[in-house]
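The following paragraphs lead the reader through a protein chain, beginning with a turn and moving outward. Please keep the sequence and the structure in view while reading.

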Amino acid sequence: MKLSIYKGPGFEILLDIQDRSAQMIVIGPISRLVEHIAEGFNAHAAMEKLAAVREKEVVISDLMPPAPSAPFRRLVGAQVNRLLLRKYMPESLMLLTTGRCQCECKHCIVHGMEKGPELSTNEFYHVIDQALELGAYHVSFEGGEPTLRDDIFDLIDHVDRGKASTHLITNGFRLTKDYVRKLKDAGLFYLHVSLDSPYAEEHDDFRGIEGIFEKASAGIKYGVEAGLIGVVEYTANPYNSDFERLETLYKHCSSLGVHEILVDEVVPGGKWGFDESDILKKEDYERLADFQNKANKRKKGPRVSSSYSYRDPDIMGCFAGRRWVWISPTGEVMPCLHIPLSFGNVRKMSLAQAWKNIRRNPLFKKKPETCTWRDPQYRESYIENIRNAIEEDRLPYRVE
């Protein structure tokens, strides 16, 4: 099956789909100018297994809108603009809708965020509208715990589905069948549920709330049954990335009908601290890559993706301040949750101006050689200030 996913002046991009695999093809008289996009996709994104194949669309990964779709065309258009015009835009809008949460996670990255009046429904509407105007094709509702906001259904519904896909990242505690159906009716497409271990007792202890493993597992199953794309978020650290835990996680997710397991790396900051012994080592990354490769060769079961691998400088490079933008519960504009620096507040300036402020900073003007949180320039310039801000509950640190 071939699907046309984007048409430009003098070229067309197709997906050639076989079972749960896909190859991107570029045709047309000027196809050579944009074939780099297809080459990158085929080398790094397809990875032998699509997350889902449906009657009229495919889901390559939760990191992309479904294809073909208007948001997916915006994604491809953004890459064409980046390639040909060197034009950078906030492609992904990440909204930390609240700092509140039922859990006490040991790796909580929003620990130390400044307390204060959270953005109202209308203020979040305005941020969403501005991001879509700037070209965003991905809107994610996060926290804290976003389901603690009574207006979360309204916020999801406000996103123009002709422009962006919608994502909700939750601990799963409130995901009853009825709640999940309301999310689907509001227009949610991707439901992300966090798991930190495939073992109930270990996960509950890590999250600091008894019974949350069962609630999270049931919640994502309800989501899949309701027609949502179900994603399990797994933050790998040195203590949960052994092969036994990973294989047990895969079996558990398969039993729930999960479409994709998204593995991310634990990052210094927040409650996790800055001890180098608590971040992944070379052998951990190698084991995770081996697990991912083996899982994606299986015909059945979820796709496995590692978000940090896309940020490799030889693939897409660091996304912070180049592809995505984060908004704190009180409106501070950050290049990334892992880089808790504020370049303005949406209550005082436009998102476009804050984005310009980020793009002018030397950290984000240069071609990234690593994730920014590993960049020596970032560490030398800001780490001490960020540590102090965490202790004083005034994250993100404001860049003058």
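Strands E13 and E14 form a hairpin with five residues between them, and in its turn Gly331 has a positive phi of about 100°. The model is a predicted one, in which local features need pLDDT of at least 70 and side-chain atom pairs count only at pLDDT 80 or more, while totals for chains, interfaces and linings use all residues. Residues are numbered from 1 along each chain as its sequence is written, and side-chain values use heavy atoms, with hydrogens and water left out. Strands (E, at least two residues) and helices (H or I, at least four) are DSSP runs, numbered from the N terminus.

Within the hairpin, E13 and E14 run antiparallel and are joined by two bridges; two strands count as paired if DSSP finds at least two bridges between them. Trp326 stands opposite Met334 in E14. E13 (residues 324-327) also has strand E6 (residues 92-96) as a parallel partner, through four bridges, and here Met94 stands opposite Trp326. Strands of a sheet pair through backbone hydrogen bonds, either parallel or antiparallel.

What covers the two faces of E13, and which residues lie on each? In a regular strand the side chains alternate between the two faces of the sheet. On one side of E13 are Trp324 and Trp326, on the other Val325 and Ile327, and all are buried. Buried means under 20% relative accessible area, exposed over 50%, and partly exposed in between, with a 1.4 Å probe and protein chains only.

These strands belong to an open sheet of nine strands with mixed pairing, in the order E12-E11-E10-E9-E8-E7-E6-E13-E14. Strand E12 (303-306) and strand E14 (333-334) stand at the edges with a single partner strand each, so one side of each is left without a neighbour in the sheet. Elsewhere in the sheet, E9 (residues 190-194) and E10 (residues 229-236) run parallel and are joined by five bridges, with Tyr190 opposite Ile229 in E10.

Leu228 lies in the loop between helix H7 (212-225) and E10. Leu228 counts as buried because its relative accessibility is 1%. Leaving aside neighbours within four places in sequence, Leu228 is in contact (heavy atoms within 4.5 Å) with Arg54, Val180, Lys184, Leu188, Phe189, Leu191, Gly223 and His259. Val180 is 48 residues from Leu228 along the chain, yet their C-alpha atoms are separated by 8.9 Å.

A second loop residue, Glu57, is found between strand E4 (52-53) and strand E5 (58-59). With a relative accessible area of 19%, Glu57 is buried. Outside its neighbours within four places in sequence, Glu57 is in contact with Pro66, Ala67, Pro68 and Phe189.

The chain as a whole can now be considered. There are 13 helices and 16 strands in the chain. The radius of gyration is 20 Å, close to the 21 Å that the globule rule gives for 400 residues, so the chain is as compact as a globular protein of that length; the radius is taken over C-alpha atoms, and the rule is 2.2 Å times the number of residues to the power 0.38. Along the principal axes, the C-alpha atoms fill a box of roughly 60 × 45 × 45 Å. Of the 400 residues, 57% count as buried. Among contacts with a separation of 6 or more, 68% involve residues 24 or more positions apart.
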